[in-house]
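Reader: I am new to describing how helices pack, and I would like to understand where such descriptions come from. Could you take me through the reasoning with the structure in view?

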Amino acid sequence: MTVTTDLLAPYESTLADPRRRSLARQLLDEALGICTCRRGAAWHARESVYAAAFTEPCAPARATPAELLTAGRYAMLFLLVEDSPAEQARTLAELLRGPITPATSADGEGAAQLHSLLADFTDRGLPTGRLCALLAELCSAIAAEAATDPTAPPASPEHLHLRRMATIGTYPYVECWRLLRGLPPADPGTPAGRLTDLAVEAAYLADDLLSTPAEQHAGPQHASGNTLLAGAEPYASARRSALIRYNRLVQQLTEAQGDPYAELLARITDGRLTVYADLAAIRYPGTPLELLPLLRRVRTPTE
């Protein structure tokens, strides 16, 4: 515990919330126990802080510590895939599309984190087939994005939209909470499925709007994954269009409030805005915080 506390000490302000701090400690302890990447304990501490800072504000009301830990394990897996070489994503996609067998040390920490996440659901007697399919799509999309030639002509808006819908990682996150809360599947074409699509699009628009400075600083390869930077439309015009579209999506989510599924999506959508504000100094340098007041929040019937 002392080692974990010392590693998290630089992030004291980000972990001011006791639930967030406790979650980061648990996630870091687990990460250090399965680490095979040689990137060091400090790297894992940072990732644990990111995962806890994402999970806590995006969780449904009255989420239990056990539910938060499961959602945090998904966030750790997502960050590992996003922040690792593309080979990690390809390996996990292949693993997810075959029979899931017990992980060994040779499989790497990505496989170990995946098995830890899936065990949370199987131990509860919950099915993981849909989650595995969504995770495989996520990993494949991240690997494909990493292979994108940043010097190639701009992709079509339709292509960029579909790619970002997959790489943002929100579909599996929603599925985790759907399983934990016993909600019906959000099948394509159903009201729940359409609402999920709205929330996923809102997630990537918020990400593209608020992480643009960090991705510009990181270089062309990172910028190629941002719809505001990778398209043919001038940045200022693309940003204006994204703001308008985001607020329309949030309005539709507001109009749908009144059932548990819509309320879950509202928590995830609004929680993400808190994440960017909280991580502005450490993960998203130069975050245009002046945009936050321009991004609407989902209003519940009681507000």
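Reader: At what angle do the axes of helix 9 and helix 14 cross, and how close do they come?

Author: This is a predicted model, in which local features need pLDDT of at least 70, side-chain atom pairs count only at pLDDT 80 or more, and totals for chains, interfaces and linings use all residues. Residues are numbered from 1 along each chain as its sequence is written, and side-chain values use heavy atoms, without hydrogens and water. The axes of helix 9 (residues 170–180) and helix 14 (residues 260–278) come within 11 Å and cross at roughly 135°.

Reader: Why are helix 9 and helix 14 called oblique to each other?

Author: Angles under 35 degrees count as roughly parallel, over 145 as roughly antiparallel, 65 to 115 as roughly perpendicular and the rest as oblique. The axes cross at roughly 135°, and helix 9 and helix 14 are therefore oblique.

Reader: Which residues make the contact between them?

Author: With contact meaning heavy atoms within 4.5 Å, those of helix 9 are T170, Y173, V174, W177 and R178, and those of helix 14 are Y261, L264, L265, I268 and R272.

Reader: What puts the buried residues of helix 5 on the same side?

Author: Buried means under 20% relative accessible area, and in helix 5 (residues 86–96) the buried residues are A86, Q88, A89, L92, A93 and L96. They cover an arc of only 155° around the axis, which puts them on the same side of helix 5. These buried residues pack against helix 4 (65–82), helix 6 (108–122) and helix 7 (129–146).

How values were computed. Buried means under 20% relative accessible area, exposed over 50%, partly exposed in between (1.4 Å probe, protein chains only). Helices (H or I, at least four residues) and strands (E, at least two) are DSSP runs, numbered from the N terminus. The arc is that of the directions from the helix axis to the C-beta atoms. Axes are lines fitted to C-alpha atoms, for helices over the stretch in contact, and angles run from 0 to 180 degrees between N-to-C directions.
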